[in-house]
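Welcome, and thanks for taking a look. Please open the structure in your viewer and keep the sequence to hand while you read.

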Amino acid sequence: MTNHTTTPDASASGQAQDDNRPLVELRHVEKHFGDLHVLKDINLSVRKGEVLVVLGPSGSGKSTMCRTINRLETIDSGSILIDGTPLPQEGRDLTRLRAEVGMVFQQFNLFANKTIIDNVMLAPIKVRKVPRQQAHDEAMELLARVGVDSQASKYPAQLSGGQQQRVAIARALAMHPKVMLFDEPTSALDPEMVNEVLDVMLELASEGMTMICVTHEMGFARKAADRIVFMADGQILETGTPDEFFDHPRTDRAKDFLSKIIEH
Ligand SMILES: Nc1ncnc2c1ncn2[C@@H]1O[C@H](COP(=O)(O)OP(=O)(O)OP(=O)(O)O)[C@@H](O)[C@H]1O
Ligand SMILES: [Mg+2]
């Protein structure tokens, strides 16, 4: 295993420095899939406590960008920093840094053969070496926070989609991430379950969690976002407050995107 040296424990020393510091930074990030140029000179900085909503048409690179942030996808060039520390290519440093980024996908990806409580306890025990009883107590607290503690001993298939997605959020939170990434967390849900998941996300946002959310829920975007990032063709075309973006989009691509969304 290669030992990538970075600044000695930047995460610990960074804490004391600056509460306004960027927790996630992408600098000149480039990514191709074969001939397809999916991320083009992406520059993005997300402050501690900031809620960023990423919007854009299908295929614009939103998921790919999210996936690069916890290194589910490699990048061709540029750099990604989590709380000041460059994301390493591999090894134990990567595992540690990745644990600081919680991710919730469209598909809940819970372990089907494990109970709800076990799903939430698993990573803290395996990765963070949390003692079993403590992991259990914390998991129960988190399940209560997202409103599914009564389901703790069931299996994922016995829960509704909305409940499973709330478990997925609790599972990500169990690692005490510094930032949470959400990639269309409500798109696979029946309409009546969308709000129960968005409510959990709104609460997290109001508690000061740093969040990057890809979503098509414009109501949520307006309510929760500190900043909107609009992507098209692998580029960030606009960033602004929700009012700026929704009321005064600057580019034709954004105007076109918004006109289509609003027609629905
Ligand atoms: N593993 C892959 N291999 C090859 N091409 C890929 C891969 N993943 C994504 N792509 C392509 O990269 C482009 C960006 O995809 P991405 O999933 O990031 O878009 P998106 O903005 O999340 O779209 P959507 O709104 O549909 O989820 C698309 O053209 C997609 O087909
Ligand atoms: Mg996507």
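What follows is a short tour of the annotated span, the ligand site, the largest pocket and the cavities.

## Model and annotated span

Please bear in mind that this is a predicted model. The UniProt record, an unreviewed entry, carries the annotation "domain: ABC transporter" for residues 24-258. In the model, helix makes up 38% of residues 24-258 and strand 26%. The C-alpha atoms at the two ends of that span are 27 Å apart.

## The site around ligand 1

Let us begin with the ligand. The shell around ligand 1 includes a run of residues that you can follow along the sequence: Pro-57, Ser-58, Gly-59, Ser-60, Gly-61, Lys-62, Ser-63 and Thr-64. Phe-33, Leu-36, Val-38 and Glu-184 are also among the residues around ligand 1. Two elements, β2 (36-47) and α2 (62-69), each supply at least two residues of this shell, and α2 gives the most, with three. By class, the shell has six polar, four nonpolar and two charged residues.

Polar contacts to oxygen atoms of ligand 1 involve both backbone and side chain. A polar backbone atom of Gly-59 is 2.8 Å from an oxygen atom of the ligand, and a backbone N or O atom of Gly-61 lies 3.0 Å from an oxygen atom of the ligand. From Thr-64, a polar side-chain atom lies 2.5 Å from a ligand oxygen. Ligand 1 taken alone exposes 640 Å², and the protein buries 58% of that.

## The largest pocket

Rolling a probe the size of a water molecule over the atoms shows where empty space is left. In this model, the largest pocket holds about 580 Å³ of space. Its lining is made up of 25 residues. Which of them lie nearest the centre of the pocket? They are Met-103, Ala-123, Arg-171, Ala-172 and Met-175.

Several elements take part in the lining of the largest pocket. At least two residues each come from α3 (91-98), β6 (101-104), α4 (116-126) and α6 (161-173). The lining divides into 15 nonpolar, seven polar and three charged residues.

## The cavities

How many cavities of 30 Å³ or more does the structure hold? There are two. The largest cavity has a volume of about 60 Å³. Its lining consists of Arg-145, Val-146, Leu-173, Val-200, Glu-203, Leu-204 and Glu-207. Helix α7 (residues 191-206) gives the most to this lining, with three residues. Sorted by class, the lining of the largest cavity has four nonpolar and three charged residues, with no polar ones.

The second largest cavity contains about 30 Å³ of space. It is lined by Glu-238, Thr-239, Gly-240, Thr-241, Glu-244, Phe-245, His-248 and Arg-250. The elements giving two or more residues to this lining are β10 (235-240) and α9 (242-247), and the largest share, three residues, comes from β10. By class, the lining of the second largest cavity has four polar, three charged and one nonpolar residue.

## Putting it together

Here is a brief recap to guide your browsing. For ligand 1, α2 is the element that gives the most to the shell. For the largest cavity, α7 gives the most to the lining, while β10 provides the largest share for the second largest cavity. For the largest pocket, Met-103 is one of the residues that lie nearest its centre.

Technical notes. Residues are numbered from 1 along each chain as its sequence is written. Chains are lettered from A and ligands numbered from 1 in the order in which they are written. This is a predicted model: local features need pLDDT of at least 70, side-chain atom pairs count only at pLDDT 80 or more; totals for chains, interfaces and linings use all residues. Side-chain values use heavy atoms; hydrogens and water are left out. On a 1 Å grid over the protein atoms alone, a cavity is a set of points where a 1.4 Å probe fits but cannot get out, and a pocket is an open set with protein on both sides within 12 Å along at least five of seven lines; lining residues have an atom within 4 Å of a point. Grid points are joined across faces, edges and corners, and a volume is the space filled by probe spheres set on the points. Helices (H or I, at least four residues) and strands (E, at least two) are DSSP runs, numbered from the N terminus. Ala, Val, Leu, Ile, Met, Phe, Trp, Tyr, Cys and Pro count as nonpolar, Asp, Glu, Lys and Arg as charged, and the others, Gly among them, as polar. A residue is near a molecule or strand if one of its heavy atoms lies within 4 Å of it. A polar contact is a pair of N or O atoms within 3.5 Å; within protein, one must be able to donate a hydrogen and the other to accept it, and residues adjacent in sequence count only if both atoms are side-chain atoms. Accessible areas come from the Shrake-Rupley method with a 1.4 Å probe; for residues, only the protein chains shown count as cover. UniProt positions are given in the numbering used here, feature names are shortened, and annotations may be inferred rather than shown by experiment.
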